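Q: I have a structure open and no idea where to start. Can you walk me through it?

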Amino acid sequence: MEEIWKDITGLKGCYQVSNKGNVRSITRLHCKGVVLKQQLSKKGYNRIRVGLSTGEKYSFSVHRLVAMAFIP
């Protein structure tokens, strides 16, 4: 199965999520694009934390990001 990447809505084109559940940053001026490490929440779900250049920080469940990107 090929890994397909789609932009995460609302994050100004800075991050992408794949159909396999990986999340990566997109290469920008001062940031190299890398696959982000995921953390396990207390309830057993994988979560990621992302930050924007404006200082805003967000936390998301990975399964919800995949669903928003790939389920019509």
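The chat below goes from the overall layout to the sheets, the helix and the core.

Q: Before the details, what kind of model is this?
A: It is a predicted model: local features need pLDDT of at least 70, side-chain atom pairs count only at pLDDT 80 or more, and totals for chains, interfaces and linings use all residues. Residues are numbered from 1 along each chain as its sequence is written, and side-chain values use heavy atoms, leaving out hydrogens and water.

Q: OK. What does the secondary structure come to?
A: One helix and six strands. Helices (H or I, at least four residues) and strands (E, at least two) are DSSP runs, numbered from the N terminus. Along the sequence the pattern reads β-β-β-β-β-β-α.

Q: And what does the C-alpha trace span?
A: About 30 × 30 × 20 Å along the principal axes. The radius of gyration is 12 Å, which agrees with the value near 11 Å for a compact globule of 72 residues. That radius is taken over C-alpha atoms, and the globule rule is 2.2 Å times the number of residues to the power 0.38.

Q: Let's do sheets. What is the strand order in the one with E1?
A: The order is E1-E2-E3, an open sheet with antiparallel pairing. Two strands pair if DSSP finds at least two bridges between them. Strand E1 (5-7) and strand E3 (23-25) are the edge strands, each pairing on one side only. On average, neighbouring strands here are turned by 35° against each other, direction ignored.

Q: How many bridges join E2 to E3?
A: Three bridges join strand E2 (residues 15-18) to E3. Glutamine 16 sits opposite arginine 24 in E3, and valine 17 is opposite valine 23. On the E1 side, three bridges also pair E1 with E2. There, glutamine 16 is the bridge partner of aspartate 7.

Q: What links E2 and E3 along the chain?
A: A hairpin, with four residues between the two strands. Glycine 21 in the turn has a positive phi of about 90°.

Q: Now the sheet with E4. Which strands are at its edges?
A: Its order is E4-E5-E6, again open and antiparallel. Strand E4 (39-40) and strand E6 (57-61) are at the edges with a single partner strand each, so one side of each has no neighbour in the sheet. Strand E5 (residues 46-51) pairs with E6 over five bridges. Glycine 51 faces lysine 57 in E6.

Q: Where does the helix go?
A: Helix H1 (residues 62-70) lies across E5 and E6, at about 85° to E6. Axes are lines fitted to C-alpha atoms, for helices over the stretch in contact, and angles run from 0 to 180 degrees between N-to-C directions.

Q: Which residues of H1 are buried?
A: Val62, Leu65, Val66 and Ala69. Buried means under 20% relative accessible area, exposed over 50%, partly exposed in between (1.4 Å probe, protein chains only). Seen down the axis they fall within an arc of 100°, so they line one face of the helix. The arc is that of the directions from the helix axis to the C-beta atoms. Arg64 and Met68, on the other side, are exposed.

Q: What do those buried ones pack against?
A: E1, E2, E3, E5 and E6. Contact means heavy atoms within 4.5 Å.

Q: Which residues in the largest nonpolar core touch the most other members?
A: Ile8, Leu11, Tyr15, Val17, Val23, Ile48 and Leu65, out of 13 residues. A nonpolar core is a set of buried Ala, Val, Leu, Ile, Met, Phe, Trp, Tyr and Cys residues joined through side-chain atoms within 4.5 Å. H1 gives the largest share, four residues. Leucine 65 touches Ile8, Val17, Val23, Ile48 and Phe60, not counting residues up to four places away in sequence.

Q: Back to E2. Which way do its side chains point?
A: Tyr15 and Val17 point one way, Gln16 and Ser18 the other, and all are buried.

Q: Is Serine 18 buried or exposed?
A: Buried, with a relative accessible area of 0%. Serine 18 touches Glu3, Ile4, Trp5, Val66 and Phe70, leaving out residues up to four places away in sequence.

Q: Last one. What share of the 72 residues is buried?
A: Buried residues make up 25%.
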